[in-house]
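I opened the notebook today to look up one helix and its surroundings, then the chain as a whole. Here is what I jotted down along the way.

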Amino acid sequence: VMLKKTIMDNKLIYFDNAATSKPLPEVIKTYIEASEFSFANPSSVHTLGAESNHKINIVRNEILKLFKLNNHEVIFTSGATESNNLAIKGIANRYKKSGNHIITSVIEHPSVLNVFKELENQGYKVSYIPVDDKGMLDLNAFKQALNKDTILVSIMAVNNEVGTIMPIKEISQIIKQNSRAFFHIDAVQAVGKIILDYNLCDLLTVSLHKLGGLKRN
C-alpha cells in the first residue's frame with residue numbers, strides 16, 4: 001500500500017527501465033479498447049473473429065514497417081524467453097540435416113545460453129565465442145569458428161549486463177561470406193536505444209515491455 005501511494009504521489013524515481021518499463025498511457029488505453037471490442041478469437045470464421053484477425057494483421061504490418069523489415073514475418077509470443085527458444089530450436093531442428101554446428105557468445109542472456117546447452121546435450125556441436133574485457137565479441141575467433149556445418153549464429157545486439165553494443169553489421173558480413181548459417185539477433189536491449197539495420201538478421205527477438213508496452217506477469 002505504501003509503495004502504491006508513493007508511486008501515485010510521484011515521489012518514487014525509477015531507474016530500472018532496462019529490466020522493464022512502465023506501460024505508456026496510450027498502450028493501456030489501446031489494451032482496454034482491444035479487450036472490450038476486439039476480444040473474439042481471430043481464428044473464428046464469424047464477423048467478430050474476422051475483425052480481430054484483421055486488426056492483428058494490421059499490427060503485424062505496422063511492426064514490419066516500423067522496423068523496416070522486407071522479408072520477415074511477425075510471430076507473437078509470451079515474451080523474449082519464448083521468442084529466443086522458438087528461434088534457436090526452430091532453426092536447429094529444421095536444418096539439422098544440413099549441419100549440426102551452432103554458434104553463440106559466452107555472454108548471451110540465459111534464455112539463449114541455456115538453449116544452446118540443451119542442444120549441446122542433444123548432440124549439436126556448439127562454439128561459444130569469447131569476448132574481450134569490454135564484452136566485445138572476438139571477431140577473429142568467430143570467423144574461425146564458422147564452417148560448412150554451421151546452421152545458426154545467435155548473438156545479442158546489446159548486452160543486458162554491461163551494455164556492450166555488438167558489431168552486428170560486421171558479424172552479418174562474416175556470416176554471409178563464410179557460411180550459409182542463419183543469423184539470430186536478441187535485440188531486447190537494443191530496440192529503442194540504438195539505430196540498427198534489422199534486415200541484417202534472419203530472426204529477431206524483441207520484447208515490448210522494455211519499450212513502454214505491457215508485460216506478462
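Entry one, the cover. I started with what lies over the buried residues of helix H5, keeping in mind that this is a predicted model. The cover includes helix H4 (80–94), and I also noted strands S1 (101–105), S2 (125–129), S3 (150–156) and S4 (182–186) among the covering elements.

Entry two, the helix itself. H5 runs over residues 110–121, which makes 12 residues. From first C-alpha to last I get 16 Å, close to the 16 Å expected at 1.5 Å a residue.

Entry three, the buried side. Which residues of H5 are buried? I listed Ser111, Val112, Leu113, Val115, Phe116 and Leu119. A reminder to myself: an α-helix has 3.6 residues a turn, so residues three or four places apart point the same way.

Entry four, the exit. Just after H5, I found Gly123 with a positive phi of about 110 degrees.

Entry five, the whole chain. I counted 7 helices and 5 strands, and along the sequence they follow the pattern α-α-α-α-β-α-β-α-β-α-β-β. The C-alpha atoms fill a box of roughly 55 × 50 × 30 Å along the principal axes. Of the 217 residues, 37% count as buried. For contacts between residues at least 6 apart in sequence, 62% join residues at least 24 apart.

Entry six, surface and charge. The accessible surface comes to about 13800 Å², with 55% of it belonging to carbon and sulfur atoms. I also looked up the 25 positive and 21 negative charges: their mean positions are 2 Å apart.

How values were computed:
Residues numbered from 1 in each chain as written. Predicted model: local features only at pLDDT ≥ 70, side-chain atom pairs only at ≥ 80, totals over all residues. Heavy atoms only, no water. Helix = DSSP H or I, 4+ residues; strand = E, 2+ residues; numbered from the N terminus. Expected span 1.5 Å × (residues − 1). Buried < 20%, exposed > 50% of the residue type's maximum accessible area, 1.4 Å probe, protein only. Contact = heavy atoms within 4.5 Å. Areas by Shrake-Rupley, 256 points an atom, 1.4 Å probe, with all protein chains shown as cover. Lys, Arg positive; Asp, Glu negative; His and termini not counted. Charge placed at Lys NZ, Arg CZ, Asp CG, Glu CD.
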